[in-house]
Amino acid sequence: MARLKHTGFTLVELIVVILLLGILSAYAASRYSGTSGFSSVTTQSEVLASLRLTQNRAMQRTGYCNRWLVTANQTGQVKPLQPETPEICSSELANDVSLVTVPSGVTLTLSTPNGYLDFDSLGRAAQCTTSLCTVMISSASDQRQVCINTEGYIYAC
């Protein structure tokens, strides 16, 4: 009895090739599209964490300046000064975990005209007591927001 010789690929071989092509195309697409969209997402996440850290610090330590400041390319909590003068805040950002350095191509703007938020011992921002405050994170391909409501709830909106 003559044995039939089958030529071609097995199903397993075809699936492996399709998977490899999918992985390769995902890698090539991420290289081609750039990182600007991803930068705004990560910046939003970092801004959320920085705001919540400053808010938690304000609720745990009274008598210090608990100001969150937005500059041209950085944002974070200002350096805390002596407890004897809590109404006087530094204009210099603290070099700690609250510091967010914005990547190139991404800009930050705060809805308050003075460019900062002061948190009280209940975690509320003084500038947001009457209306919602927003931090706008903009890149060439994406625009995101972080919102602070009148009760101090901080969320991505």
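A salt bridge is a side-chain nitrogen of Lys or Arg within 4 Å of a carboxyl oxygen of Asp or Glu. Keep that in mind for the close-ups below, which come from a predicted model.

**View 1. Arg67 meets both Asp118 and Tyr116****.** Start with the salt bridge: the closest N and O atoms of Asp118 and Arg67 are 2.7 Å apart, so the pair fits within the 4 Å cut-off. Side chains of opposite charge can pair when their charged atoms come close. Now check where the two partners sit. Arg67 belongs to strand β1 (residues 67-70) and Asp118 to strand β5 (residues 116-118), so this contact ties together parts that are 51 residues apart in sequence. Are the two residues buried or exposed? Both Asp118 and Arg67 turn out to be buried. Arg67 has another neighbour here too: its charged end sits over the ring of Tyr116, 3.6 Å from the ring centre.

**View 2. Two further salt bridges, Asp120 with Arg124 and Arg144 with Asp142****.** How many salt bridges does the structure hold? There are 3. In one of them, the side chains of Asp120 and Arg124 meet at 3.2 Å, N to O. Asp120 has 28% relative accessibility, so it counts as partly exposed. Arg124 is partly exposed as well, with a relative accessible area of 28%. Then look at Arg144 and Asp142, whose closest N and O atoms are 2.9 Å apart. Arg144 is partly exposed, again with a value of 28%.

**View 3. An open sheet of 4 strands****.** Trace the strands in the order β3-β2-β1-β5, and you'll find antiparallel pairing. Which strands are at the edges? They are β3 (100-101) and β5, and each of them pairs on one side only. Strands of a sheet pair through backbone hydrogen bonds, either parallel or antiparallel. Zoom in on β2 (residues 74-77) and β3, and you can find 2 bridges between these antiparallel strands. For a spot to look at, try Thr75, whose bridge partner in β3 is Val100.

**View 4. Strand β6, covered on both faces****.** Strand β6 spans residues 133-138, and 6 of its 6 residues are buried. In a regular strand the side chains alternate between the two faces of the sheet. Here, Cys133, Val135 and Ile137 are on one side, with Thr134, Met136 and Ser138 on the other, and all of them are buried.

**View 5. The strands that pair with β6****.** Strand β4 (residues 107-110) runs antiparallel to β6, joined to it by 4 bridges. Among the partners in this pairing are Thr107 and Ser138 of β6. Strand β7 (residues 143-148) also pairs with β6 in the antiparallel sense, over 6 bridges. Find Cys133, and its bridge partner in β7 is Ile148. How many residues lie between β6 and β7 in their hairpin? The answer is 4.

**View 6. A stacked pair of tyrosines, Tyr153 and Tyr155****.** The structure holds 1 aromatic pair, and this is it: Tyr153 and Tyr155, stacked at 5.0 Å centre to centre with 20° between the planes. Tyr155 is partly exposed, at 24% relative accessible area.

**View 7. A nonpolar patch on the surface****.** Val12, Val16, Leu20 and Ile23 make up this patch of about 400 Å². Pick out Val16, which you'll find in helix α1 (residues 11-33). Its relative accessibility is 42%, so Val16 counts as partly exposed.

Methods
Residues are numbered from 1 along each chain as its sequence is written. This is a predicted model: local features need pLDDT of at least 70, side-chain atom pairs count only at pLDDT 80 or more; totals for chains, interfaces and linings use all residues. Side-chain values use heavy atoms; hydrogens and water are left out. Patches are made of residues with over 30% relative accessible area and no salt bridge: like charges are joined within 9 Å, nonpolar side chains (Val, Leu, Ile, Met, Phe, Trp, Tyr) within 5 Å. Accessible areas come from the Shrake-Rupley method with a 1.4 Å probe; for residues, only the protein chains shown count as cover. Buried means under 20% relative accessible area, exposed over 50%, partly exposed in between (1.4 Å probe, protein chains only). Rings of Phe, Tyr and Trp (its six-membered ring) pair if their centres lie within 6.5 Å; planes under 30 degrees apart count as stacked, over 60 as edge-to-face and the rest as tilted. A charge sits over a ring if NZ of Lys or CZ of Arg is within 6 Å of the ring centre and within 35 degrees of the ring normal. Two strands pair if DSSP finds at least two bridges between them.
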